[in-house]
Amino acid sequence: MDQDTKQVATKQLEIEGMHCASCVQAVEKSLKNLDGVGNASVNLATESATVEFDPSQVDVERLRKAVSDAGYEASERGRSTTLRIDGMHCASCVAAVEKSLKTVPGVKTASVNLATESATVSYDDGSVAVDDLSAAVDRAGYQVVSESEAAARDMDAELEKDEAKISDARRRMWTAWGVTIPIILWMLPEMIAGYMFLGEIGHSLGMLLLGAAAVFIPGFPTIRSAWKSATHLAPNMDVLIAMGTIASLATGVVAVLHSFGLAPSFASFAGVAGMIMAFHLTGRYIETKAKGRASQAIKQLLTLEAKEATVIRDGEEVTVPVSSLQIDDVMVVRPGEKVPTDGVVVSGESSLDESLATGESMPVDKKEGDEVIGATMNQQGMIRVRATRVGSDTFLSQVIRMVEEAQGSKIPIQALADRITGIFVPIIIALAAATLGAWLLFPEFFGGIAAAAGQFLPWVNPGMGAGALALYATIAVLVIACPCALGLATPTALMVGSGMGAQNGVLIRKGAAIQTLKDVTTIVLDKTGTITEGKPRVTEVIAAADTAGDGRVAGGAGAADPDSAATGSAAREVLAAAAAAELGSEHPLGRAVVAHAREEGIEVAEARGFEAVTGHGIRANVAGSQIMVGSVELLADSEIELSEALAGRKQTLEAEAKTVMVVTRDGAALGLVAVADTVKSDSLEAVAALRKLGFETAMITGDNERTARAIADQVGIDRVLAEVLPDRKAAEVRRLQDEGRMVAMVGDGINDAPALTQADVGIAIGTGTDVAIESGDIVLVKGDLSAVVRAVKLSRATFTKIRQNLFWAFFYNVVMIPLAVIGVMHPVLAEIAMAFSSINVVTNSRRLQKADISPAA
């Protein structure tokens with residue numbers, strides 16, 4: 001083929017198993033060796049490969065095989081979308097929709113959530129369209145609600161939709177009771193005194209008409225749902241209710257015909273049909289209302305968004321909708337107003353309430369150059385903010401998206417429930433048929449049970465006749481079985497738990513982490529930025545002239561408060577000299593010295609003749625004096641010696657994991673400046689809390705053993721993994737796993753990405769407004785270690801609720817269905833029990849909101 005006409009296709013593949021640059025090279029080499037591949041670019045950070053190839057020579061399957069031959073796994077890079085689905089009522093509906101979606105070629109995973117009434121579908125990009133997914137949902141008998149992302153984010157629309165659902169459920173419930181209460185009142189005289197109001201014909205006809213009105217008017221959506229799911233061969237719970245109520249109505253038809261002498265005598269359950277539907281719709285109403293409350297957290301997040309922003313346009317202040325903001329717009333935010341979108345302060349100072357992001361109630365001071373989060377409340381001064389993120393890229397949008405993804409995910413413990421619910425309704429229909437057959441084939445055996453039960457259960461009437469008793473038990477079996485509770489057990493707890501997490505600065509990205517975290521034995525903490533602040537700060541400044549006494553200058557030995565450093569005049573002189581010399585330095589330690597001098601109000605002088613001595617320090621001329629700042633090796637080169645007192649102080653500080661720089665002037669030691677990556681204020685308490693929760697704690701760092709041990713001792717860490725280079729952290733995590741430990745890794749979402757991915761649970765520290773960290777199973781908005789404690793407590797509390805919900809859902813069905821089979825459950829009581837089981841699961845999940853996940857608890 002001519003070079004100019006050769007076809008070129010581009011495909012992105014997801015690569016699993018890569019941990020280092022060597023992995024990248026191996027995959028690239030294997031792909032490029034294929035005939036027809038023009039270029040292959042592999043990215044370790046995104047774990048993906050972009051391949052340009054001639055589709056006439058090589059196909060995607062051969063690309064996958066090339067990656068497999070290199071020792072890794074490849075799949076087509078996919079897309080994910082969330083569909084809103086209308087018409088689902090139970091776990092069987094969920095199973096039917098999932099099954100239909102998974103039959104679409106190119107769909108990788110489909111997770112349907114009953115609580116949020118949504119489906120999260122992952123599929124191969126380019127091979128599946130959203131219309132294909134909608135068609136699959138339609139084939140299952142349900143409908144995709146079409147709405148734009150903007151509409152989905154409109155809080156007023158969300159609230160209106162929820163209120164409309166609750167209002168519709170309430171209306172249907174009261175309509176059903178409006179018909180059913182007269183049925184009950186009409187039945188009472190017959191039950192108490194044997195008196196039939198309007199005679200046998202009037203009574204039978206009245207029961208049939210009222211029962212049918214309750215079933216087919218307020219209960220019509222249930223009947224319609226049952227018909228749709230049955231005709232699509234995916235029966236749901238509504239099929240069971242429809243079969244039970246229609247069978248009951250059928251007995252009413254027989255009773256009416258008997259009144260005219262056209263049919264044999266048969267007990268009428270037509271009134272019972274109305275009661276079953278009334279209790280069913282009551283349960284549906286309470287469930288709908290409770291589900292709305294369970295999802296309050298994400299709706300509260302939506303209400304936090306500002307609606308308008310004041311921006312500077314052509315030198316004037318203009319009020320515009322937040323939706324029209326653009327990057328680099330300068331916004332004016334006055335006290336009492338919300339920051340419209342994420343940005344950076346360009347002028348002014350204030351305190352902001354960031355509790356929506358971190359869960360912390362204390363205001364955070366902001367000045368020029370600081371990042372601010374959209375929707376946070378400005379409390380004091382007026383500030384001007386330059387917009388850096390707008391629309392779906394903002395912090396709040398990322399949080400909402402992650403919460404929705406977590407609510408749509410599934411956890412391992414749910415697998416058994418999913419398998420059962422997929423076949424639940426057909427099994428119950430078969431069991432109901434078997435119950436009817438058994439009662440008809442063995443009337444004496446079951447009649448004896450009914451006679452015995454009738455002595456202490458007033459609703460059991462052995463005198464109804466074998467056929468009536470058989471149908472009585474069959475209807476009870478149909479209406480008592482409840483897949484709803486099984487379907488709601490996990491999603492409602494996940495919904496509440498993930499919402500609570502978002503309100504407390506803990507974002508659960510993957511629901512499975514909730515279950516895995518309960519089995520974790522070791523928590524590995526990256527030192528820099530997790531246990532420590534992640535940036536060097538001056539902790540002590542010690543003047544040689546002041547070491548003749550006890551040496552406790554500028555806060556004394558071990559002082560961790562940098563604000564106390566350089567308080568003496570001699571110490572200020574040391575700091576001024578060091579800062580002037582370091583002014584031209586780009587080294588982080590040098591910048592820390594200059595920054596601290598300025599914080600202390602010292603005017604930093606200009607230096608001349610700046611010279612960096614690699615690995616040892618710097619030299620510079622300041623106000624005519626030769627200043628040196630650096631290590632003892634730098635002093636040795638110039639034959640400068642430290643006094644015994646100063647050398648002793650240096651040794652003490654180094655034992656505390658601090659970097660000590662010696663400052664000299666004109667060949668004489670002037671003093672010491674100690675710099676350290678200071679431990680975060682809450683690290684000690686957080687590590688103690690983690691140990692109290694039963695975890696072994698480990699710290700991983702590139703520092704030497706002595707420095708690492710000093711930091712570990714300060715905060716009470718059990719185990720130190722020192723001198724570990726960044727690309728070896730994942731290997732260290734794997735080594736701990738090989739020792740039989742379940743490991744959670746806490747670290748930076750970028751530098752520690754391979755280790756976070758390798759760990760059983762990856763807990764990533766968010767950076768400012770960016771929380772979209774793919775490598776973390778859990779993302780902490782605020783970098784404080786106490787957030788890890790909150791994450792652990794939240795995960796344990798959520799999993800406990802899931803386990804409780806699943807237990808009660810299984811227990812209910814295991815106990816109640818056999819009671820219905822032997823005829824001791826009245827169909828109405830069976831329906832009440834069924835409705836209660838679903839309500840119990842939802843309300844139990846809501847109790848999770850009362851869990852105390854504070855680090856101090």
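**Exercise 1. Strand β24 and its partners**

Task: Find which residue of β24 stands opposite Val629, and determine in which sense β24 pairs with β23 and with β25.

Solution. The model is a predicted one.

Step 1. Val629 has Val663 of β24 opposite it.

Step 2. The pairing between strand β23 (residues 625-630) and β24 is antiparallel and has four bridges.

Step 3. On β25 (residues 668-679), seven bridges are made with β24, and these two strands also run antiparallel. Here Val662 is placed opposite Leu672.

Step 4. β24 and β25 make up a hairpin with two residues between them. One residue of the turn is Asp666, whose phi is positive, about 50°.

Step 5. Five of the seven residues of β24 (residues 659-665) are buried, so the strand is largely enclosed by the rest of the structure.

**Exercise 2. Two residues with positive phi**

Task: For Ala375 and Asp666, give the loop in which each lies and state whether each is buried or exposed.

Solution.

Step 1. Most residues other than glycine have a negative phi.

Step 2. Ala375 has a positive phi, near 80°. Asp666, which is not a glycine, has a positive phi of about 50°.

Step 3. The loop between β15 (371-372) and β16 (377-378) holds Ala375. Asp666 sits in the loop between β24 and β25.

Step 4. The cut-offs are under 20% relative accessible area for buried and over 50% for exposed. At 6%, Ala375 is therefore buried. At 51%, Asp666 is therefore exposed.

**Exercise 3. Two threonines**

Task: Classify Thr539 and Thr116 by relative accessible area, and locate each in the chain.

Solution.

Step 1. Thr539 belongs to strand β20 (residues 532-543). Its relative accessible area is 2%, so Thr539 is buried.

Step 2. The side chains of Thr539 and Glu540 are joined by a polar contact of 2.6 Å.

Step 3. Thr116 is located in the loop between β6 (107-113) and β7 (118-124). With a relative accessible area of 24%, Thr116 is partly exposed.

Step 4. Thr116 and Ile85 are 31 residues apart along the chain, and 9.1 Å separates their C-alpha atoms.

**Exercise 4. Helix spans**

Task: Compare the end-to-end C-alpha distances of α7 and α16 with the values expected at 1.5 Å a residue.

Solution.

Step 1. The expected span is 1.5 Å times one less than the number of residues.

Step 2. Helix α7 (residues 199-216) has 18 residues and should span 26 Å. The C-alpha atoms at its ends are 25 Å apart, which agrees.

Step 3. Helix α16 (residues 466-480) has 15 residues. From first C-alpha to last, α16 reaches 21 Å, close to the expected 21 Å.

Step 4. As for burial, 13 of the 15 residues of α16 are buried, so this helix is largely enclosed by the rest of the structure. The buried residues of α7 include Gly202, His203, Met207, Leu208 and Val215.

**Exercise 5. Strand β28 between two partners**

Task: Identify the bridge partners of Val524 in β28 and of Val746 in β29.

Solution.

Step 1. Strand β19 (residues 522-526) runs parallel to β28, with four bridges joining them. Val524 has Met745 as its bridge partner.

Step 2. Strand β29 (residues 761-765) also pairs with β28 in the parallel sense, over five bridges. Val746 is bridged to Ile763 in β29.

Step 3. Because five of its six residues are buried, β28 (residues 743-748) is largely enclosed by the rest of the structure.

**Exercise 6. Nonpolar cores and the whole chain**

Task: State which residues touch the most other members of the largest nonpolar core, and what share of the chain is buried.

Solution.

Step 1. The largest nonpolar core has 148 residues, and those touching the most other members are Met88, Leu101, Tyr142, Ile523, Ile778 and Leu780. Helix α28 (residues 786-821) contributes the most to this core, 15 residues.

Step 2. A separate second core has 28 residues, among them Ala579, Val604, Ile618 and Val675.

Step 3. Beyond four places in sequence, the contacts of Tyr142 include Ile85, Met88, Val97, Ser229 and Asn236.

Step 4. The chain has 857 residues, of which 51% are buried. It holds 29 helices and 30 strands.

Key:
Residues numbered from 1 in each chain as written. Predicted model: local features only at pLDDT ≥ 70, side-chain atom pairs only at ≥ 80, totals over all residues. Heavy atoms only, no water. Core = buried A, V, L, I, M, F, W, Y, C linked by side-chain atoms within 4.5 Å. Buried < 20%, exposed > 50% of the residue type's maximum accessible area, 1.4 Å probe, protein only. Contact = heavy atoms within 4.5 Å. Pairing = 2+ DSSP bridges. Polar contact = N/O pair within 3.5 Å; in protein donor to acceptor, adjacent residues only side chain to side chain.
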